Amino acid sequence: MRQFSSLVRKEFYHILRDKRTMFILLGMPIAQIILFGFALTNEVKNARIAIFDQSKDIATNTLISQISSSRYFDVEDNLHSYKEIEETFRKGSIKLAIVFPENFNNDLEHFNKAQVQLVADASDPNTASALSNYATSIIRDYEKRITNDRKLPYTIKTEMRMLYNPQLKGSYSMVPGVMAMVLMLVCTLMTAITVVKEKELGTMEILLVSPLRPLKIITAKAVPYLMLSIVNIATILLLSVFVLEVPINGSLLLLVFESILFTLTCLAFGLLISASTDSQQTAMFISLTGMFLPTIMLSGFMFPIENMPLPLRILSNIVPAKWYYSIVNAVMIKGADLTIVWKETLVLMGIMAFLLFLSIKKFKIRLA
Amino acid sequence: MNNDYVISVQGLTKRFGHFTAVDNISFDVKRGEIFGFLGANGAGKTTAMRMLCGLSKPTEGKATVAGFDVYTKNEQIKKNIGYMSQKFSLYEDLTVKENIRFYAGIYGKSDQFIRQKTEIVLQQLHLTNEANKLVGSLPLGWKQKLAFSVAIFHEPGIVFLDEPTGGVDPVTRREFWNMIYEAAANGITVFVTTHYMDEAEYCGRISIMVDGKIEALDTPTMLKQKFEARSMDEVFLKLARKASRSDN
């Protein structure tokens, strides 16, 4: 215990003395939350749209006025033919066209069913999907409202000409992604580097000649980073609740537990890297390509996994961030509890145990 | 096993695949002796030393360090030895005191022991005023002396020094050797590898390794007589000329 506390104290000195790195480690979550929450948002406001209303009745009028009064849309043009839609798109003056067929209200009244067509400019897929979603939700709203007045439900079928990524609001999905990224960076990259640094300096030899068990050396290295990660988790959650106004709908305890589980997985990966390399550069390179890129590409945070080709979808299953991202998404945004995310949690635990087993084994082999 | 011998090695061998790094070496080191372990780069010194420190398992042969078998009791060995490597082995971003405290702590020493002994060591090294300075800001010579003090801080029976004076100026080297003598006088056995032949003259006995084998083992005076040489340098050159292994 005395040995262990000496080790942990020493690791804290290393971190606290290196002001620049510490500033980056603690400042990074703040910078990323702000960057992803505000600057890189998928949210689109005041998009110019055109409407081709072939029915011109009371129902379409109400819907159009609702759409134009929303803060997402500016109705730029009223069109009079299908040909015009294409022309306006080509000019690039609109992002979305809404087409009401003839007899819209009539269909609604007599068959309880009507159709709307949304045509979006898919050259910018993210904006396109966001806009179609906004429009759809306005139509759903209207549908619900008129249904309340009547006994039979009305359905307005929206048909999208282009269906892309259904990501709705920017910051909601960004928060879990940023959490995964920051934790991974702090834990994997920093642990890998700190162990390898001692190998480079030659101090690792001294530690190995001492009566310390290798496992103790390694766990002592991980403790400060685990603590740092908890600080980072708190920063991110506070920022997202109070600055981005993303609610924590599920249990906070569960969220923290899952985050610590993910942190441990990242630490295990960092240790595995440090046990397999001898230079800081290699360690950094492996952490970035082995963890950072897959986290961004294959976790579903930036690019939806459902849209990926099958091999990538299969590959994404071994990326811990994918599981963590979907857990946080479910717990934080959708308010899920453990009965819903137990499967993901088990997978994450499995990955962690595997990585830990591998790194301890690797460490021992290198000692022989 | 004779109790007077703190290190006892018989037929120790280490092979890496087809390469025999250490080839059937045997020697004994007495308590309080300064034992020089010489050889060109790649002669197998470091590998032999690593086996004695419990860092590496021998392929064949017998060896005991501080009375403990290197195969089965390497945890016990680690508790009873100090080690200082050719690379500078203190943490530059920790202060002098923090470094001492850390190394004493990993050997499980009590706070009281650490506090008392730190004062003594700092006084001996004339570092009392620098106690709270970062080690990175000290001159290299001071760092090396501090590293040696740290290596014997937990009062081990044996200290292994792997080229401890590399890159240090002659005056500091002289001071460093005075510290080694003092440690030996206090009953610590010193096992030292070196490149500097003038340093070899300071050792009680010397073994010279060539291509993984011990080619000569005696006191400096006897070695010079035997090889009809005026200095250890000459002895070494005569032996090293036989080497077939190149650098590393």
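Which residues in α3(A) meet Phe104(A), Asn105(A) and Leu108(A) in α5(A)? The first legend answers this, and every view is taken from a predicted model.

**View 1. Crossing of helices α3 and α5 in chain A.** In this predicted model, Ile58(A), Ala59(A) and Thr60(A) are the residues of α3(A) that meet Phe104(A), Asn105(A) and Leu108(A) of α5(A). By class, the residues of this contact divide into four nonpolar, two polar and no charged. Helix α3 spans residues 58-69 of chain A and helix α5 spans residues 104-111, and their axes come within 6 Å while crossing at roughly 110°. Angles of 65 to 115 degrees count as roughly perpendicular, and α3(A) and α5(A) are therefore roughly perpendicular to each other.

**View 2. Chain A as a whole, and the surroundings of Thr127(A).** The domain assignment of chain A gives domain 1, made up of residues 2-40 + 169-367, and domain 2, made up of residues 47-160. The C-alpha centres of domain 1 and domain 2 of chain A are 44 Å apart. The secondary structure of chain A comprises 14 helices and five strands, and of its 368 residues 38% are buried. When contacts in chain A between residues at least 6 apart in sequence are considered, 79% of them join residues at least 24 apart. In the close-up, Thr127(A) lies in helix α6 of chain A, which covers residues 125-149. The C-alpha atoms of Thr127(A) and Ala47(A) are separated by 9.1 Å, although these residues are 80 apart along the chain. Thr127(A) has 19 other C-beta atoms within 10 Å and is partly exposed, because a residue counts as buried only if 20 or more lie within that distance.

**View 3. The side of chain B that touches chain A.** Contacts between the two chains involve 20 residues of chain B and 20 residues of chain A. Helices α2 (74-80) and α3 (96-106) of chain B each supply at least two residues of the side that touches chain A, and α3(B) gives the most, with four residues. On this side of chain B, the residues divide into nine nonpolar, four polar and seven charged.

**View 4. The open six-stranded sheet of chain B.** The strands of this open sheet follow the order β6-β7-β8-β3-β9-β10 in chain B, and their pairing is mixed. Strands β6 (81-84) and β10 (213-218) of chain B are the edge strands, each of which pairs on one side only, and from one strand to the next the twist averages 15°. Strand β7 (residues 158-162) and strand β8 (residues 189-194) of chain B run parallel and are joined by five bridges, with Leu161(B) standing opposite Val192(B) in β8(B). Helix α5 of chain B packs on the sheet, where α5(B) touches β6 and β7 of chain B and has a direction that makes about 160° with that of β6(B).

**View 5. Helix α1 of chain B and the strands beneath its path.** Helix α1(B) lies across β3 (34-39), β7, β8 and β9 (205-210) of chain B, and runs at about 155° to β7(B). This helix, residues 45-52 of chain B, is mostly covered, with eight of its eight residues buried; among them are Lys45(B), Arg50(B), Met51(B) and Leu52(B). Gly54(B) follows α1(B) and has a positive phi, near 80°.

**View 6. Helices α5 and α6 of chain B.** The axes of α5 (residues 140-151) and α6 (residues 170-185) of chain B come within 10 Å and cross at roughly 10°, which means that α5(B) is roughly parallel to α6(B). On α5(B), the contact is made by Gly141(B), Gln144(B), Lys145(B) and Phe148(B), and on α6(B) by Thr172(B), Glu175(B), Phe176(B) and Met179(B). The classes represented in this contact are three nonpolar, three polar and two charged residues.

**View 7. Strands β1, β4 and β5 of chain B.** Strand β1 (residues 5-16) and strand β4 (residues 60-65) of chain B pair in the antiparallel sense over five bridges, and Val9(B) stands opposite Ala63(B) in β4(B). Strand β4(B) also runs antiparallel to strand β5 (residues 68-69) of chain B, to which two bridges join β4(B), and Asp69(B) in β5(B) is the bridge partner of Thr64(B). The hairpin of β4(B) and β5(B) has two residues between the strands, and in this hairpin Ala66(B) takes a positive phi near 55°.

Definitions and conventions. Residues numbered from 1 in each chain as written. Chains lettered and ligands numbered in written order. Predicted model: local features only at pLDDT ≥ 70, side-chain atom pairs only at ≥ 80, totals over all residues. Domains from an automatic or database assignment. Buried ≥ 20, exposed ≤ 12 C-beta atoms within 10 Å, placed from the backbone. Contact = placed C-beta atoms within 7 Å. Nonpolar A, V, L, I, M, F, W, Y, C, P; charged D, E, K, R; others polar. Axes fitted to C-alpha atoms, helices over the stretch in contact; angles between N-to-C directions. Parallel < 35°, antiparallel > 145°, perpendicular 65-115°, else oblique. Pairing = 2+ DSSP bridges.
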